[in-house]
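Student: I should like to examine how the descriptive terms applied to a structure follow from computed values. May we proceed term by term?

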Amino acid sequence: MNQSIERDSTHGPQIFGHPRGLMTLFGTEAFERFTYYGMRAILILFMTAAVADGGMGLDDKTASAIYGLYISGTYLLSLFGGWIADRLIGQQRAVFWGGVMIMLGNGCLATGNTQLFFIGLMVIVLGVGLLKPNISAIVAQLYPEGGSRRDAGFSIFYMGINTGATLGSLLVPMAATAFGWSAGFALPAIGMLIGLVQFQATKYYLGNSGVVPMGEPTSWTPVIGFMVVVVGFMAAALTGVIQLDPVVVSKGLNWALVALAAGFFAYLLFGAGLATDERKRIVAMIALFIACAMFWAGFEQAGASFNLFAERHTDRVMFGWELPAGTLQAVNPAFIILFAPVFAAIWVNLGRRNLDPSAPAKFAVGLILMGFGFLVMFLAARYVVAGDKVLPTWLILTYLLHTFGELCLSPVGLSSMTKLAPARFVGQVMGLWFLATALGNNLAGQFAGEIDPNNLPGMPGQFLYLFWWGFIAGVVLLVLTPFIRKMMAGVK
């Protein structure tokens, strides 16, 4: 049939050759990312703004640590959210209730109450952990045949992610600037509400995808126990029974994540009864895990130190109007939309010529590009130290280099890890990838906190440190690539 919408006996209603349910998920994810990235664009700006200006008046180090813990938490809780869907409620219910929690959490932020602010952050973390992994799982279930059609479906879905991220990063900072912080946090809540309404109104197009839990059923006891611990911990912190220093908590979390990852890798290498080739692949996975964490530690400066740099040291006046600092957060997702097809075409073209770089080589290039982004910021910071404000083009160039790095590393990361993983550990390895991202994001908050606004002469040195962080890691990984490829034992 040549009509744009048709019906396929296997997959239900179709639109342009794809299940109609993909559009339901596209819209839901677009609004969820609108909410997530919109709030992220103003989060650290709100925390560091003076109390007289409606902010929280936190110092950069504390605010950056909270930012890192929040971003890290959304990935950590994705492991738990996936387990809840698989064992208890199914992906569709997980997506809906995750969206409800995200909406309510942003509503707490919009009240302006300090205690509700921290409760809101925790509720959002739980909501994203429920929604994020499970909506992608439903996309996969819409294409039971797999193959290139599923890949194309995920490409369309990925466009929804970046469309929502771009619009949220533009509109939310504008709302906060024009109408105050409460309006800025209320808009993401409204966006998630629209996404939920759209999801509920059109979820019948999903059919049975994501309705029934896929794993072995279990009891609610672990969930109830976890929630009791979370609620008790939050109550004790908010009432002053226990005193929490976000900087100390952030450092402690780093060690906990490293210990957890090291323990799991040690188990795979020495206690899981793997064959020789499987153990070799674990070594390759360790290298990619470290590279992933190091990349996101630099990349996530976008919402932290770069956001503060945009507010304090960037001349954002255009045609007599001052661009809100947070709107520059829209540059990265806009670049993703623009350049993702270009990079995909490059890899396909190289593959036809048997020149497609291996996964560790792509990771190495991604790290080096991330490093060069910080070299740009080092040069910009030198102008700031001299007493000048710089044009937004410095940040835009940095975001361009970081986007190129992301396109080298992120799309191939999880795919490579699942290929390398022993068959019976694939699901756990997906969790390990989230763990690497969580570690990197938490490190990002600590790095951002080291850039002291009261010590401008030291700022270029901090950016130069992060240049060497990415560049040296990338070069080392590039040198080790032949060895890592051997450890991949035939996996491409």
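Tutor: The discussion below concerns a predicted model and takes up its overall form, one helix, its aromatic pairs and several single residues.

Student: What makes the chain as compact as a globular protein of its length?

Tutor: The chain has 14 helices and five strands. Its radius of gyration is 22 Å, and the globule rule gives 23 Å for 492 residues; the two values are close, so the chain is as compact as a globular protein of that length. Along the principal axes, the C-alpha trace spans about 65 × 55 × 50 Å.

Student: What share of the residues is buried, and what share of the contacts joins residues 24 or more positions apart?

Tutor: Buried residues account for 53% of the 492, where buried means under 20% relative accessible area. Of the contacts with a separation of 6 or more, 82% are between residues 24 or more positions apart. The chain exposes about 21,200 Å², of which carbon and sulfur atoms supply 67%.

Student: How are the charges placed relative to one another?

Tutor: There are 27 positive and 23 negative charges, and their mean positions are 10 Å apart.

Student: Why is helix 9 called mostly covered?

Tutor: Helix 9 comprises residues 305-313, and seven of these nine residues are buried. The buried ones are Ser305, Phe306, Asn307, Leu308, Phe309, Ala310 and His313. They pack against several helices, including helix 1 (21-48), helix 2 (60-110) and helix 14 (459-487).

Student: Why is the pair of Phe306 and Phe463 called tilted?

Tutor: The structure holds 36 aromatic pairs. In this one the ring centres are 6.1 Å apart and the planes meet at 50°. A pair requires centres within 6.5 Å, and the label tilted applies to plane angles that are neither under 30 degrees nor over 60; the values 6.1 Å and 50° therefore satisfy both conditions. Phe306 belongs to helix 9 and Phe463 to helix 14, so the pair ties together parts that are 157 residues apart in sequence.

Student: How do you know whether Phe306 and Phe463 are buried or exposed?

Tutor: The cut-off for buried is under 20% relative accessible area. Phe306 has a value of 0% and is therefore buried; Phe463, also at 0%, counts as buried as well.

Student: What makes the pair of Phe447 and Tyr465 edge-to-face?

Tutor: Its centres lie 6.0 Å apart, with 75° between the planes. An angle over 60 degrees counts as edge-to-face, so the 75° of this pair earns that name. Phe447 is in helix 13 and Tyr465 in helix 14, 18 residues apart.

Student: Which burial class does each of these two partners receive, and why?

Tutor: Phe447, at 13%, falls under the 20% limit and is therefore buried. Tyr465, at 44%, lies between 20% and 50% and so counts as partly exposed.

Student: Which residues form an aromatic cluster with Trp181?

Tutor: Phe46, Phe117, Phe118 and Phe185 join Trp181 in one cluster.

Student: How do you know the burial class of Thr28, and which residues does Thr28 touch?

Tutor: Thr28, in helix 1, has a relative accessible area of 1% and is therefore buried. Beyond residues up to four places away in sequence, Thr28 touches Val95, Ile135, Met192, Gly195, Gln198 and Phe199.

Student: Why is Pro333 called buried?

Tutor: Its relative accessible area is 4%, which is under 20%, so the term applies. Pro333 is found in helix 10 (residues 331-352). Apart from neighbours within four places in sequence, Pro333 is in contact with Asn162, Ala165 and Thr166.

Student: What makes Leu167 partly exposed?

Tutor: Leu167 has a relative accessible area of 42%, between the limits of 20% and 50%, and is therefore partly exposed. Leu167 is located in helix 4 (residues 147-179).

Student: Why is Phe319 called exposed, and what is its phi?

Tutor: At 86%, Phe319 is over the 50% limit and so counts as exposed. Phe319 lies in the loop between strand 4 (317-318) and strand 5 (321-322). Its phi is near 55°, a positive value in a residue other than glycine. Most residues other than glycine have a negative phi.

Student: Where is Ala489, and what is its phi?

Tutor: Ala489 is in the segment after helix 14, and its phi is near 50°, which is positive in a residue other than glycine.

Note on methods: Residues are numbered from 1 along each chain as its sequence is written. This is a predicted model: local features need pLDDT of at least 70, side-chain atom pairs count only at pLDDT 80 or more; totals for chains, interfaces and linings use all residues. Side-chain values use heavy atoms; hydrogens and water are left out. Helices (H or I, at least four residues) and strands (E, at least two) are DSSP runs, numbered from the N terminus. The radius of gyration is taken over C-alpha atoms; the globule rule is 2.2 Å times the number of residues to the power 0.38. Buried means under 20% relative accessible area, exposed over 50%, partly exposed in between (1.4 Å probe, protein chains only). Contact means heavy atoms within 4.5 Å. Accessible areas come from the Shrake-Rupley method with a 1.4 Å probe; for residues, only the protein chains shown count as cover. Lys and Arg count as positive and Asp and Glu as negative; His and the chain ends are not counted. The place of a charge is taken as NZ of Lys, CZ of Arg, CG of Asp or CD of Glu.
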